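Me: Please take a close look at one helix in this model and at what packs around it, and then follow the packing outward as far as it helps. I would like one connected account with the geometry spelled out.

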Amino acid sequence: MHRRDFLAGAVTAAIVQTGAFATILPLQSTGIANMFSTAALQNSVKPMAVGLLIQPAHGPEETISRVKQMGFTNCFFSLDGYLGKFTKPLAQELSGLLEKYGITATTAEVVGPQPLVWNFLEGPSTIGLVPRATRAARIDALKQTSDFAKLLGIPQIQTHCGFIPENPIDQLYEETVLAIREVAKHCAANGQNFLMETGQETPTTLSRTIKDVDQPNLGVGLDTANLILYGKANPIDAVDILGPHIKSIHAKDGKWPTNPMELGEEVLIGSGLVDFKQVFTKLHKLGYRGAVTIERETAGPQQIEDVKNEKIYLERIITQIQNNQA
């Protein structure tokens with residue numbers, strides 16, 4: 001399964017598979033014009049405004065300008081293509097492009113470095129902060145991403161923490177809690193939330209992890225389809241468990257896994273099993289004010305067409321909910 005290949009454009013960028021990262025200059029020395037506070041950023045995006053997940057490393061201006069052309073006001077940065085390249089000039093370039101096209105970057109995410117295998121057989125030993133072999137490199141990657149995002153005024157860092165053990169006395173569970181706490185504290189020092197993206201673990205396990213990590217800036221990035229694709233929960237029920245902790249949303253649709261070795265199928269929003277009206281209604285009642293980010297795991301012209309249709313579909317539902325509950 002190919003992941004995070006969103007609106008890449010004609011330019012293809014290789015992902016650097018290394019734990020070594022460029023040094024980030026101190027914030028006060030950057031001189032980036034559009035530095036702003038978390039509160040200012042949140043106020044610049046309307047509650048439940050539909051946005052788009054993009055990989056700016058695949059041609060930054062082409063990608064960010066397309067976000068504008070498609071009628072979005074905000075985007076979610078997937079930054080794995082920049083691992084090893086987090087520098088002041090890059091921050092200035094991306095900052096300038098966001099300002100040029102009037103786009104707000106709401107959240108930044110990395111899931112690397114490699115290896116990453118998105119299935120049930122190899123996924124538990126390769127995804128997130130759970131696997132010991134890659135844990136230190138991924139903690140470093142997330143800290144560097146946090147420092148880089150601070151230069152851009154991005155208030156949230158997100159990742160898959162992995163197949164967090166259901167058994168709270170499992171040694172890997174304790175190690176993962178400590179790793180998440182370390183990253184959350186680093187993000188807090190940068191004035192950011194650290195978000196665990198739903199997928200590999202049950203909502204109950206995520207809730208327990210939040211309690212045990214015990215950091216006020218730790219939250220959840222709700223991926224509406226991942227809960228289904230991994231066979232973990234219905235997203236409607238997940239909101240009942242995780243609702244107050246949800247700080248970002250990946251709007252995505254899918255079907256349950258019928259092959260026990262492979263994830264379920266990600267599909268066009270509206271053709272899968274996610275009841276977006278119920279999910280959004282619950283979140284609206286809880287006072288959710290973040291973005292709703294489209295994530296369509298396809299590529300090429302069909303992806304663009306799909307995203308356009310998904311935007312219309314989601315905005316119709318959100319407008320109805322907000323008008324009915326105003």
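**Helix α5 and its surroundings**

Reply: In this predicted model, helix α5 covers residues 132-152, and at 1.5 Å a residue its 21 residues should span 30 Å; the C-alpha atoms at its ends are 31 Å apart, which agrees with that expectation. Just after α5 comes Gly153, whose phi is positive, near 75 degrees.

One partner of α5 is helix α3, residues 88-101; the axes of the two helices come within 9 Å and cross at roughly 45 degrees. Because angles from 65 to 115 degrees count as roughly perpendicular and those under 35 as roughly parallel, this crossing makes α3 oblique to α5. The crossing in which α3 passes α5 is right-handed. On the α3 side the contact is formed by Leu90, Ala91, Leu94 and Ser95, which meet Phe148, Leu151 and Leu152 of α5. By class, the residues of this contact of α3 with α5 comprise 6 nonpolar and 1 polar, with no charged residue. A general point about helices helps in reading such lists: an α-helix has 3.6 residues a turn, so residues three or four places apart point the same way.

The other partner to consider is the sheet, a closed barrel of 8 strands that runs β1-β2-β3-β4-β5-β6-β7-β10 with parallel pairing. Its neighbouring strands are turned against each other by 30 degrees on average, when direction is ignored. Helix α5 packs on this sheet and touches β2 (74-78), β3 (104-109), β4 (156-159) and β5, while its direction makes about 150 degrees with that of β4.

Within the barrel, strand β5 (residues 193-197) pairs with strand β6 (residues 218-223) in the parallel sense, over 4 bridges. At Glu197 the bridge partner is Gly221, in β6. A further helix, α7 (residues 203-213), packs on the sheet as well, where α7 touches β5 and β6, and the direction of α7 makes about 160 degrees with that of β6.

Further along the chain, two more helix pairs can be described in the terms used for α3 and α5. The axes of helix α9 (residues 235-242) and helix α10 (residues 276-285) come within 9 Å and cross at roughly 15 degrees, which makes α9 roughly parallel to α10. This crossing of α9 and α10 is right-handed. Their contact brings Pro235, Ile236, Val239 and Asp240 of α9 against Gln278, Val279, Lys282 and Leu283 of α10, and its residues divide into 5 nonpolar, 1 polar and 2 charged.

Helix α10 also meets helix α11 (residues 301-324), with axes that come within 10 Å and cross at roughly 45 degrees; α10 and α11 are therefore oblique to each other. Here, too, the crossing in which α10 passes α11 is right-handed. From α10 the contact uses Phe276, Lys277, Phe280, Thr281 and His284, and from α11 it uses Tyr313, Leu314, Ile317, Ile318, Gln320, Ile321 and Gln322. The residues of this contact of α10 with α11 are 7 nonpolar, 4 polar and 1 charged.

Some backbone details in the loops complete the account. The loop between β3 and α4 (123-126) holds Pro113, which a cis peptide bond with omega of about 5 degrees joins to Gly112. Pro115 has its place in the loop between β3 and α4, and a cis peptide bond with omega of about 10 degrees joins Gln114 and Pro115.

Methods: Residues numbered from 1 in each chain as written. Predicted model: local features only at pLDDT ≥ 70, side-chain atom pairs only at ≥ 80, totals over all residues. Heavy atoms only, no water. Expected span 1.5 Å × (residues − 1). Axes fitted to C-alpha atoms, helices over the stretch in contact; angles between N-to-C directions. Parallel < 35°, antiparallel > 145°, perpendicular 65-115°, else oblique. Left-handed = near helix turned anticlockwise from the far one by under 90°. Contact = heavy atoms within 4.5 Å. Nonpolar A, V, L, I, M, F, W, Y, C, P; charged D, E, K, R; others polar. Pairing = 2+ DSSP bridges.
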